Amino acid sequence: CVYARMNLDTYAYDRNSNQLILIINNDGRIGLQNFTLFLYNGSGIGKVSLETDASVTNKQNTTLPPGEPRSFIVNGISNITRFRVISNCPEYAFVDKSV
(Lines give C-alpha, C1' and ligand atoms only; values in the text may rest on other atoms or scores of the structure.)
Protein backbone atom coordinates (compact mmCIF):
# COMPACT_ATOMS: atom_id res chain seq x y z
CA CYS A 1 0.00 0.00 0.00
CA VAL A 2 2.96 2.37 0.28
CA TYR A 3 2.59 3.06 -3.46
CA ALA A 4 -1.14 3.71 -3.26
CA ARG A 5 -2.46 7.23 -3.91
CA MET A 6 -5.94 8.48 -4.68
CA ASN A 7 -7.08 11.92 -5.77
CA LEU A 8 -10.53 13.46 -6.01
CA ASP A 9 -10.58 14.97 -9.51
CA THR A 10 -13.98 16.55 -8.97
CA TYR A 11 -17.21 16.19 -7.10
CA ALA A 12 -20.70 17.65 -7.28
CA TYR A 13 -23.25 17.53 -4.48
CA ASP A 14 -26.80 18.52 -5.36
CA ARG A 15 -28.78 19.19 -2.17
CA ASN A 16 -32.07 19.33 -4.12
CA SER A 17 -31.76 15.89 -5.71
CA ASN A 18 -29.68 14.42 -2.83
CA GLN A 19 -27.10 13.17 -5.31
CA LEU A 20 -23.31 13.07 -4.96
CA ILE A 21 -21.13 12.59 -8.04
CA LEU A 22 -17.47 11.71 -7.52
CA ILE A 23 -14.60 11.31 -9.97
CA ILE A 24 -11.68 9.58 -8.30
CA ASN A 25 -8.27 9.14 -9.92
CA ASN A 26 -5.75 6.47 -8.98
CA ASP A 27 -2.54 8.50 -8.74
CA GLY A 28 -0.53 5.62 -7.28
CA ARG A 29 1.40 2.73 -8.71
CA ILE A 30 -0.89 -0.12 -7.62
CA GLY A 31 -4.51 -1.00 -8.38
CA LEU A 32 -7.18 0.11 -5.92
CA GLN A 33 -10.46 -1.56 -5.00
CA ASN A 34 -13.07 -1.87 -2.23
CA PHE A 35 -14.07 1.81 -2.26
CA THR A 36 -16.13 2.95 0.73
CA LEU A 37 -17.80 6.34 1.14
CA PHE A 38 -18.22 7.74 4.66
CA LEU A 39 -20.79 10.53 4.97
CA TYR A 40 -20.69 13.01 7.84
CA ASN A 41 -23.61 15.17 8.96
CA GLY A 42 -25.02 16.60 12.20
CA SER A 43 -26.56 13.23 13.11
CA GLY A 44 -23.41 11.13 12.76
CA ILE A 45 -21.67 9.06 10.12
CA GLY A 46 -23.11 6.95 7.33
CA LYS A 47 -21.27 4.37 5.24
CA VAL A 48 -21.81 3.34 1.60
CA SER A 49 -19.97 0.68 -0.41
CA LEU A 50 -19.31 2.23 -3.81
CA GLU A 51 -19.05 -1.27 -5.27
CA THR A 52 -22.19 -2.98 -3.92
CA ASP A 53 -24.64 -0.52 -2.35
CA ALA A 54 -28.02 -0.08 -4.07
CA SER A 55 -27.81 3.73 -3.76
CA VAL A 56 -24.87 3.77 -6.20
CA THR A 57 -26.14 4.12 -9.76
CA ASN A 58 -22.99 2.93 -11.51
CA LYS A 59 -21.52 0.32 -9.19
CA GLN A 60 -18.12 -0.95 -10.29
CA ASN A 61 -16.42 -3.76 -8.41
CA THR A 62 -13.29 -4.12 -10.53
CA THR A 63 -9.82 -2.92 -9.59
CA LEU A 64 -9.04 0.67 -10.59
CA PRO A 65 -5.67 0.56 -12.41
CA PRO A 66 -2.98 3.18 -11.78
CA GLY A 67 -3.43 6.39 -13.74
CA GLU A 68 -7.13 5.90 -14.42
CA PRO A 69 -10.19 7.79 -13.16
CA ARG A 70 -13.51 6.31 -12.06
CA SER A 71 -16.82 8.03 -11.50
CA PHE A 72 -19.46 7.14 -8.94
CA ILE A 73 -23.02 8.46 -8.67
CA VAL A 74 -24.57 8.09 -5.22
CA ASN A 75 -28.26 8.84 -4.62
CA GLY A 76 -30.15 9.50 -1.40
CA ILE A 77 -27.42 11.62 0.19
CA SER A 78 -28.89 14.35 2.39
CA ASN A 79 -27.50 17.08 4.61
CA ILE A 80 -23.85 16.06 4.48
CA THR A 81 -21.12 18.40 5.66
CA ARG A 82 -18.14 16.23 4.77
CA PHE A 83 -17.32 12.97 3.05
CA ARG A 84 -14.37 10.60 2.94
CA VAL A 85 -13.61 7.90 0.38
CA ILE A 86 -11.22 5.09 1.24
CA SER A 87 -9.93 2.10 -0.70
CA ASN A 88 -8.29 -1.20 0.17
CA CYS A 89 -5.29 0.92 1.30
CA PRO A 90 -7.08 3.34 3.66
CA GLU A 91 -3.98 4.85 5.25
CA TYR A 92 -2.49 5.83 1.86
CA ALA A 93 -5.30 6.00 -0.69
CA PHE A 94 -8.13 8.18 0.59
CA VAL A 95 -9.80 11.53 -0.06
CA ASP A 96 -11.46 13.75 2.51
CA LYS A 97 -13.59 16.74 1.53
CA SER A 98 -15.80 19.27 3.30
CA VAL A 99 -18.95 20.19 1.39
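How many bridges join E6 to E7, and in which sense do these two strands run? The points below take up this question and then the other parts of the structure.

1. The structure under review is a predicted model. In it, E6 and E7 run antiparallel and are joined by five bridges. One pair of facing residues can be named: arginine 82 stands opposite serine 98, a residue of E7.

2. E6 and E7 belong to an open sheet of four strands, which follow one another in the order E4-E3-E6-E7 with antiparallel pairing. Strand E4 (44-49) and E7 are at the edges of this sheet, and each has a single partner strand, so one side of each is left without a neighbour in the sheet. Direction ignored, neighbouring strands here are turned by 15 degrees against each other on average. As general background, the strands of a sheet pair through backbone hydrogen bonds, in either a parallel or an antiparallel manner.

3. There is also an open sheet of three strands, with the order E1-E2-E5 and antiparallel pairing. Its edges are formed by strand E1 (6-14) and E5; because each has a single partner strand, one side of each lacks a neighbour in the sheet. For the neighbouring strands of this sheet, the average turn against each other is 15 degrees, direction ignored.

4. The pairing of strand E2 (residues 19-26) with E5 is antiparallel and extends over seven bridges. Two of the partnerships may be located by residue. Glutamine 19 has asparagine 75 of E5 as its bridge partner, and isoleucine 21 has isoleucine 73, also in E5.

5. Strand E5 (residues 69-75) has two faces. Arg70, Phe72 and Val74 make up the covered face, whereas Pro69, Ser71, Ile73 and Asn75 make up the uncovered one. The bridge partners named in the previous point, asparagine 75 and isoleucine 73, are thus both to be sought on the uncovered face.

6. Which residues form a nonpolar patch on the surface? They are Val2, Tyr3 and Tyr92, and together they have about 310 Å² of accessible area. Tyrosine 92 is placed in the loop between strand E6 (82-86) and strand E7 (94-98), the two strands with which this note began. Is tyrosine 92 buried, partly exposed or exposed? Its relative accessibility is 36%, and it therefore counts as partly exposed; the category lies between buried, under 20%, and exposed, over 50%.

How values were computed. Residues are numbered from 1 along each chain as its sequence is written. This is a predicted model: local features need pLDDT of at least 70, side-chain atom pairs count only at pLDDT 80 or more; totals for chains, interfaces and linings use all residues. Side-chain values use heavy atoms; hydrogens and water are left out. Patches are made of residues with over 30% relative accessible area and no salt bridge: like charges are joined within 9 Å, nonpolar side chains (Val, Leu, Ile, Met, Phe, Trp, Tyr) within 5 Å. Accessible areas come from the Shrake-Rupley method with a 1.4 Å probe; for residues, only the protein chains shown count as cover. A salt bridge is a side-chain nitrogen of Lys or Arg within 4 Å of a carboxyl oxygen of Asp or Glu. Buried means under 20% relative accessible area, exposed over 50%, partly exposed in between (1.4 Å probe, protein chains only). Two strands pair if DSSP finds at least two bridges between them. Axes are lines fitted to C-alpha atoms, for helices over the stretch in contact, and angles run from 0 to 180 degrees between N-to-C directions.
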